[in-house]
Amino acid sequence: MKRARRAAPGPLPVLGLLLLGVLPGLWTVLLRREAAALPEPRPPAGQPPGRWGWGRSPAARGESGGGGQKTFRTLLAVPAAATGREERDGEERLAVTDSPPPADTASPVERGIFWSRELEEQVPPGFAAEEAAAWLSAARAARVASLERGGCGRSSNRLARLSDGSRACVRYGINPEQIQGEALSYHLAGVLGMQERLPPMALALVEARGRQWEPVREELRGSHWAEGAVVSLTRWVDNLTAVVAPAPWGAEPGAGRRLQPLSAGELVGLPPSQLVELVQWSDLILFDYLTANFDRLVSNLFSLQWDPRVMRRATSNLLRGPDGGLVFMDNEAGLVHGYRLLAMWDPYNEPLLRSVCVFREGTARRVAELHRRRSAAAELRRRYRAREPLWARLGFLSERQAELLQARVDFVHRHIAHCRAQAAVL
């Protein structure tokens, strides 16, 4: 399958800056005063400059190495000094202030590209592994007591009340590859160490006369589900709320104008809760790139061409849990379906990934291991077969899809290396 050509920049190249706009406690560039030169900061340790994207340098992509696209890391890695702005003879210049940062201010970033441990510890835990395993075991053993319309997306889906008292969304795909994509995306999140952000999900076989479905035999007739179809059961979570993309993603770009980055002064004093959310967004963007999921932030970005205010609205298939953590919902578009439509959606997914240059260290470590061993599909297959009893009903990725998954892992690994190299020279 051919890769789509890189799309025109539009609002996308600034997405990293947009995320950076909410990072508090950051300090801007030390400049020399006219009377004295301040020492230049030592760059963090890193690797030599890497290659960008699919083996092409920024220059080969038509991007400048200096004042072009900026990212999370660009502002996070600046030296520790505050700046102001002056205008003289019609020219704007930066003026260094005399106020040093507080001694106890901790940087949200370590070694140039990783979220700090202190910040990661503040991220809501989501669906803990033990809790998820207990729910999955109970859901597979429970009978379906009732099926209700509404609350679970498409009209073909149902909200199920289980005999153990819990509830689950039952998703019936328009075609089997959507349920396959949902299941594989869930287990790929486990391979990447971010499964706590996805609600527990299990597969179920629709059998009107079977033990699990017998109490709702009449409801099944009205659902028009095919006998023997594989559906997904996803844990129902109460009190979820909509999520709007962090400012200034939600800002209106205006006709023919690109979003502008926040100034240094606007970065100071914002609540730590926004940083905690950005940690989760960095995982989300990486995850959606690997799965080629177009039915979340990418679909909002696509809609900008006719709806300039779409980024002010809720992000598709992304909700906030009662603990404040993000919940990556409805991943049916991932992997199988998404891989068929790369030519259409990668012009949005790739620049979105490149806008992120700060990562959870654990996520980056897992990506590096999958790259080194070239084992992305093998690890996913092993986990899927071990944890999903009905995996054979839907099968696994085709050989070509497995190759695409590894290629995307490699792309992410090169991008992280690029971010590390850029951080080393700042």
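Here are some numbered notes on a predicted model of a protein chain.

1. Let's start with the overall picture. The protein chain has 426 residues, and 51% of them are buried. Its secondary structure comes to 15 helices and twelve strands. If you take contacts between residues at least 6 apart in sequence, 77% of them join residues at least 24 apart. As for the outside, the chain exposes about 19,900 Å², and carbon and sulfur atoms supply 51% of that area.

2. Now look inside. The largest nonpolar core holds 91 residues, and the members that touch the most others are Leu147, Trp213, Leu335 and Leu405. Which helix gives the most to this core? That's α15, residues 399-424, with nine residues.

3. Leu405 is a handy one to click on. Skip its neighbours within four places in sequence, and Leu405 is still in contact with Leu188, Leu290, Leu335, Tyr339, Ala376, Ala377, Leu380 and Leu397. Apart from the core that Leu405 belongs to, there is another core, of nine residues, including Leu119, Leu275, Val279 and Val358.

4. Next, a pair of backbone oddities. His224 isn't a glycine, yet its phi is positive, at about 65°. You'll find His224 in the loop that runs between α6 (217-223) and β9 (230-235). Ala292 isn't a glycine either, and its phi is also positive, at about 60°. Ala292 sits in the loop between α8 (272-291) and α9 (297-303).

5. Are those two residues buried or exposed? His224 has a relative accessible area of 68%, so it counts as exposed, the cut-off being over 50%. Ala292 has a relative accessible area of 2%, so it counts as buried, the cut-off being under 20%.

6. Stay in the loop between α8 and α9, since Arg296 is there too. Arg296 carries a charged side chain by the usual grouping, and its relative accessibility is 0%, so Arg296 counts as buried. What does Arg296 touch? Not counting residues up to four places away in sequence, the list is Leu284, Phe287, Asp288, Thr315, Ser316, Asn317, Leu318, Phe328, Met329 and Asn331.

7. Another arginine to look at is Arg385, which is in helix α13. Arg385 has a relative accessible area of 48%, so it is partly exposed. Try finding Phe396 as well: Arg385 and Phe396 are eleven residues apart along the chain, and their C-alpha atoms are separated by 9.2 Å.

8. Finally, the second largest pocket. Rolling a probe the size of a water molecule over the atoms shows where empty space is left. The second largest pocket has a volume of about 320 Å³. It is lined by 18 residues, and the ones nearest its centre are Ala129, Tyr186, Gln195, Arg383 and Arg387.

9. Where does the lining of that pocket come from? Helices α4 (129-141), α5 (176-192) and α13 (376-387) each supply at least two residues. The largest share, six residues, comes from α4. Sorted by type, the lining of the second largest pocket has nine nonpolar, five polar and four charged residues.

Note on methods
Residues numbered from 1 in each chain as written. Predicted model: local features only at pLDDT ≥ 70, side-chain atom pairs only at ≥ 80, totals over all residues. Heavy atoms only, no water. Core = buried A, V, L, I, M, F, W, Y, C linked by side-chain atoms within 4.5 Å. Buried < 20%, exposed > 50% of the residue type's maximum accessible area, 1.4 Å probe, protein only. Helix = DSSP H or I, 4+ residues; strand = E, 2+ residues; numbered from the N terminus. Contact = heavy atoms within 4.5 Å. Areas by Shrake-Rupley, 256 points an atom, 1.4 Å probe, with all protein chains shown as cover. 1 Å grid on protein atoms, 1.4 Å probe; cavity = no way out; pocket = protein on both sides within 12 Å on 5 of 7 lines; lining within 4 Å. Points joined across faces, edges and corners; volume = space filled by probe spheres on them.
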